[in-house]
Structure formats: structure tokens, C-alpha cells
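Please open the model in your viewer and keep the sequence panel beside it. The stops below are meant to be selected one after another.

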Amino acid sequence: FEVKNQEHSRARALYEELVNKTKHFKVFIAYALFESNVCHEVERAREVFRQAYHELVGHEDSAEEVSAILQNWLSFEKEHGDENTISSVEDKINTNRKAATSKLLARAKAYVSKKRKVEDMGE
């Protein structure tokens, strides 16, 4: 409603409240796209993506959410950014992939180790 009636500051306040309460990746993305597409505030949109990334990147089970943030951010930068901003997001994507791969390998090793112990106990 606020967006349709050009009340961007009220809509922004609602997004900020929702982001602070939920910390949900879809809310961050919607907020960033609102800033970019509706308000034409590229720097604000970029800051929302930064906030989302830093808020979610360290959480244990947030790999898919972080990936969604980064993919949306990269699309945004390809449309509104420059070589440096695009490269910065691509670096984050590569770092995120490496971290996810490391976690997956650690889980696989732990599983194999646990399975071997169970098999050894059965012999």
C-alpha cells in the first residue's frame, strides 16, 4: 500500500522493522529490490545486500540463504554496478562455495569415521 501511494519512507521503515525482527533472507532481498527498483537508491540497495550477507554468512545452516543473497546481489551489481562491485560479489560467492565445500567434506569424513567405528564394534 505504501509503495503504491509513493510513501517510500514509510515502506522503508516497514522493511527495516521486518528485517530486524525476522532476519529472513527473502525479506532482505525484497528490501534491496525495493530500494533499487522502486526508490532508485542504488547505494541503499547495495547496503541492504551487505547487511544481509554479514547477518547470515556465519550461521550454521544458512548456506542456501547466503547463496540466494549472493546470486541476487550479483544480478543487481551486473545491472547497477561496475567492474569492482561485480568482482567483489563474485569473490564472496567463491569464498562461500569454498566454505560450503569444506563443511560438506568435514561432515562426510565424520560420517565415514563414525560408520567405521560402528562396523569395527560389530566384528
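Does His40 count as buried, partly exposed or exposed? His40 counts as exposed because its relative accessibility is 63%, where exposed means over 50% relative accessible area, buried under 20% and partly exposed in between, computed with a 1.4 Å probe on protein chains only.

Before going further, note that this is a predicted model, in which local features need pLDDT of at least 70 and side-chain atom pairs count only at pLDDT 80 or more, whereas totals for chains, interfaces and linings use all residues. Residues are numbered from 1 along each chain as its sequence is written, and side-chain values use heavy atoms, with hydrogens and water left out.

**The loops on either side of H2**

Stay with His40, which lies in the loop between H2 and H3; helices here are DSSP runs of H or I with at least four residues, numbered from the N terminus. The phi angle of His40 is near 60°, a positive value in a residue other than glycine.

Now select Lys23, in the loop between helix H1 (8–22) and helix H2 (25–38). Lys23 has a phi near 55°, again a positive value in a residue other than glycine, and with 29% relative accessibility it counts as partly exposed.

**H1 against H2**

Next, display H1 and H2 together. Two packed helices are described by the angle between their axes and the distance between the axes. The axes of H1 and H2 come within 9 Å and cross at roughly 160°, the axes being lines fitted to C-alpha atoms over the stretch in contact, with angles that run from 0 to 180 degrees between N-to-C directions. That angle makes H1 roughly antiparallel to H2, a label for angles over 145 degrees, while those under 35 count as roughly parallel, 65 to 115 as roughly perpendicular and the rest as oblique. The crossing of H1 and H2 is left-handed, meaning that the near helix is turned anticlockwise from the far one by less than a right angle.

To colour the contact (heavy atoms within 4.5 Å), select His8, Ala11, Arg12, Tyr15, Glu16, Leu18, Val19 and Thr22 on H1, and Val27, Phe28, Ala30, Tyr31, Phe34, Glu35 and Val38 on H2. By class, the residues of this contact of H1 with H2 are ten nonpolar, two polar and three charged; Ala, Val, Leu, Ile, Met, Phe, Trp, Tyr, Cys and Pro count as nonpolar, Asp, Glu, Lys and Arg as charged, and the others, Gly among them, as polar.

**H2 against H3**

Keep H2 and add H3 (residues 42–56). H2 and H3 pack at about 165° with their axes 7 Å apart, and they are therefore roughly antiparallel to each other. Their crossing, of H2 and H3, is left-handed. The residues to select on H2 are Phe25, Phe28, Tyr31, Ala32, Glu35 and Ser36, which meet Arg44, Ala45, Val48, Phe49, Gln51, Ala52, Glu55 and Leu56 in H3. This contact of H2 with H3 has nine nonpolar, two polar and three charged residues.

Two residues of H3 deserve a separate selection. Val48, in helix H3, counts as buried at 5% relative accessibility, and, leaving aside neighbours within four places in sequence, Val48 is in contact with Phe28, Tyr31 and Ala32. Glu55, also placed in helix H3, counts as partly exposed at 28% relative accessibility. With neighbours within four places in sequence again left aside, Glu55 is in contact with Lys23 and Phe28, which leads back to the loop visited earlier. If you draw a distance from Glu55 to His40, 15 residues apart along the chain, the C-alpha atoms are separated by 24 Å.

**Ser62 and H4**

Move on to Ser62, in the loop between H3 and helix H4 (63–80). Ser62 is buried, with a relative accessible area of 7%, and it touches Leu56 and Val57, not counting residues up to four places away in sequence. A polar atom of the Ser62 side chain lies 2.6 Å from the backbone oxygen of Leu56.

Finish with H2 and H4, which pack at an angle of about 10° with their axes 9 Å apart and are therefore roughly parallel to each other. Select Phe25, Phe28, Ile29, Ser36 and Asn37 of H2 with Glu65, Ala68, Ile69, Asn72, Phe76 and His80 of H4 to show the contact. The residues of this contact of H2 with H4 divide into six nonpolar, four polar and one charged.

Technical notes. A polar contact is a pair of N or O atoms within 3.5 Å; within protein, one must be able to donate a hydrogen and the other to accept it, and residues adjacent in sequence count only if both atoms are side-chain atoms.
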